[in-house]
Amino acid sequence: MKQGKVDALLGIVFGDEGKGKVVDVFTPRYDVVARFAGGPNAGHTIIFEGKKFVLRSIPSGIFDEGKLNIIGNGCVIAPDLFMAEARELETAGYDLRSRLHISKRAHLILPTHRVLDRAYEAAKGKNKVGTTGKGIGPTYAEKASRTGLRVGDILEDFPRKYAALKARHEQILRDLHFTDYDITEEERLWLEGVEYMRQFPLTDTEAEINRLLAEGKSVLAEGAQGTMLDIDHGTYPFVSSSSTTTGGVCTGLGVGPNKIDQVYGIFKAYSTRVGAGPFPVELFDETGDRLREIGHEYGAVTGRNRRCGWVDLVALKYAIMVNGVTQLIMMKSDVLDDFPVIRVCMAYEKDGQQTTDMPYDTEGWTAVYRDLPGWRTDLTQMTSEDEFPQAFRDYIQFLEDELQTPITILSVGPDREQTIIRSL
Ligand code: IMP
């Protein structure tokens, strides 16, 4: 029997690339959809059969009967938030318990991890990361320091393990003089969430995925966050705490690199970032405000204004390299419809020096731009690339030449029909 393959669908800049809109182009093509990293810091809106859902921890294949969805070992999961997310889907009639398996090796986010997230941020003063406050960093730190609780722990002797870890966190918080918090209600819901999670198949998902691959089944590894927020390859320390890149697919699902086939890299026709940290293409002027307004660039989890700028080829080339991207997907092209000039960041500059390689630290680097003519045409009504204006074709061609990677899907508006598939 032919061995199945894993394809990865990854945000390749700072997250928020709009993956929610393309997943339904992808999910029907796969037997399994799996999340391999991150947790409820992610949030993408999916409109399914006219109803709107925000998925945070649950993979996007959840709407299709007969598809297996997996929350892999590389993820972190908050039982209370998972319960809220899952119940909404169950209320809408989706039978989750037969379609969703959770890795016993995924780590649990405790209510006190969220308090620690706030405490560590407060202690950082002006060097705050600007986290989503969901306890992501403290949970992954605990995983690395080998003191964390995993999903499998809820199956045995859980109250004792929970009390011990909570006590440890409370001690750290006392040491940090961070004592003004009350998690009573949060903890009640969290413990209810733990009971709720027990009703789901908590399994050795890595063995399951490999068995399905051996049976010839196909797997979509659904990324969260983006390459520039990766713990190794992002703009450290202003990053999230997981491996958001293709390497994270292998460790976060337990699949070998030889099982990975296509790596789809999603980016926007311009750039955004939420949270703190260097962002060489950031625009502080009216153009930045216009990009934010037209592109509705406000955080899905936190509601914060996203920082906006022109597309960044330094970041994209780096992301294509570290992920081994085979195909690109460009989102929100239509946001640029009215700009007379489209700028593209070709290099970074600092102290009179230019580079096209991603620097070790992007702080203090500014963007060097090339100006391209805008298309000044409404792309949103177009249904095939034959209708594209020449200036937009030139923009696509320019990016493909620079990035040495084909752009195979283009989004020209918020609706799922406004997605143009050139080839896949
Ligand atoms: P954390 O993941 O909550 O620890 O946040 C670390 C950094 O990653 C912050 O700058 C967040 O704004 C950013 N971040 C985390 N998740 C996402 C996401 O899904 N989209 C965009 N930014 C994110």
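Which strand and which helices do the buried residues of H5 pack against? The legends below take up this question first and then turn to other parts of this predicted model.

**Figure 1. Helix H5 and the elements that its buried residues pack against.**
Helix H5 covers residues 158-175, and its 18 residues, at 1.5 Å a residue, should span 26 Å, which agrees with the 26 Å between its end C-alpha atoms. The residues Phe158, Lys161, Tyr162, Leu165, Lys166, His169 and Leu173 of H5 are buried. Seen down the axis of H5, these buried residues fall within an arc of 125 degrees, so they line one face of the helix. On the other side of H5, Arg160 and Asp175 are exposed. The buried residues of H5 pack against strand E8 (107-108) and against three helices, namely H3 (111-123), H4 (136-144) and H6 (184-197). Just after H5 comes His177, which takes a positive phi of about 55 degrees.

**Figure 2. Helix H4 and the loop that leads from H4 to H5.**
In helix H4, the buried residues are Ile136, Pro138, Thr139, Tyr140 and Glu142. Among the elements that cover these buried residues are strand E6 (76-77), strand E8, helix H3 and helix H5. Just after H4, Arg146 takes a positive phi of about 65 degrees. The loop between H4 and H5 also contains Gly152, which is partly exposed, with a relative accessible area of 23%. Although Gly152 and Lys104 are 48 residues apart in sequence, their C-alpha atoms are 4.2 Å apart in space.

**Figure 3. Strand E5 and its partners in an open sheet.**
The sheet is formed by 10 strands in the order E9-E7-E5-E2-E10-E1-E11-E14-E18-E19, and the pairing is mixed. Its edge strands are E9 (202-203) and E19 (419-421), each of which pairs on one side only. Strand E5 (residues 68-71) runs parallel to strand E7 (residues 100-103), to which three bridges join it. Strand E2 (residues 32-35) also runs parallel to E5, and four bridges join these two strands. Within these pairings, Ile70 stands opposite His101 in E7, Ile71 stands opposite Ile102 in E7, and Val33 stands opposite Asn69 in E5. In a regular strand, the side chains alternate between the two faces of the sheet. In E5, Leu68 and Ile70 point one way while Asn69 and Ile71 point the other way, and all of them are buried.

**Figure 4. An aromatic pair that links distant parts of the chain.**
The structure holds 15 aromatic pairs. One of them is formed by Phe26 and Tyr264, which meet edge-to-face, with 4.8 Å from centre to centre and 75 degrees between the planes. Phe26 belongs to helix H1 (residues 19-26) and Tyr264 to strand E11 (residues 260-268), and the two residues are 238 residues apart. Phe26 counts as buried because its relative accessibility is 1%, which is under 20%. Tyr264 also counts as buried, at 5% relative accessibility.

**Figure 5. A cluster of four aromatic residues.**
Trp375, Phe388, Phe392 and Tyr395 form one aromatic cluster. Within it, Phe388 and Phe392 form an edge-to-face pair, 4.9 Å centre to centre and with 75 degrees between the planes. Phe388 is buried, with a relative accessible area of 5%, and Phe392, at 0% relative accessibility, counts as buried too.

**Figure 6. The largest nonpolar core and a second, separate core.**
The largest nonpolar core has 72 residues, of which Ile12, Phe267, Met330, Leu336, Tyr395 and Leu399 touch the most other members. When the neighbours within four places in sequence are left aside, Leu399 is in contact with Phe267, Val311, Leu313, Met330, Gln404 and Ile407. A second core, separate from this one, has 46 residues, including Ile46, Met83, Leu149 and Met331. Tyr395 links two of these views, as it is listed in the aromatic cluster and also among the residues that touch the most other members of the largest core.

Methods
Residues numbered from 1 in each chain as written. Predicted model: local features only at pLDDT ≥ 70, side-chain atom pairs only at ≥ 80, totals over all residues. Heavy atoms only, no water. Expected span 1.5 Å × (residues − 1). Buried < 20%, exposed > 50% of the residue type's maximum accessible area, 1.4 Å probe, protein only. Arc of directions from axis to C-beta. Contact = heavy atoms within 4.5 Å. Core = buried A, V, L, I, M, F, W, Y, C linked by side-chain atoms within 4.5 Å. Pairing = 2+ DSSP bridges. Phe/Tyr/Trp six-rings, centres within 6.5 Å; stacked < 30°, edge-to-face > 60°.
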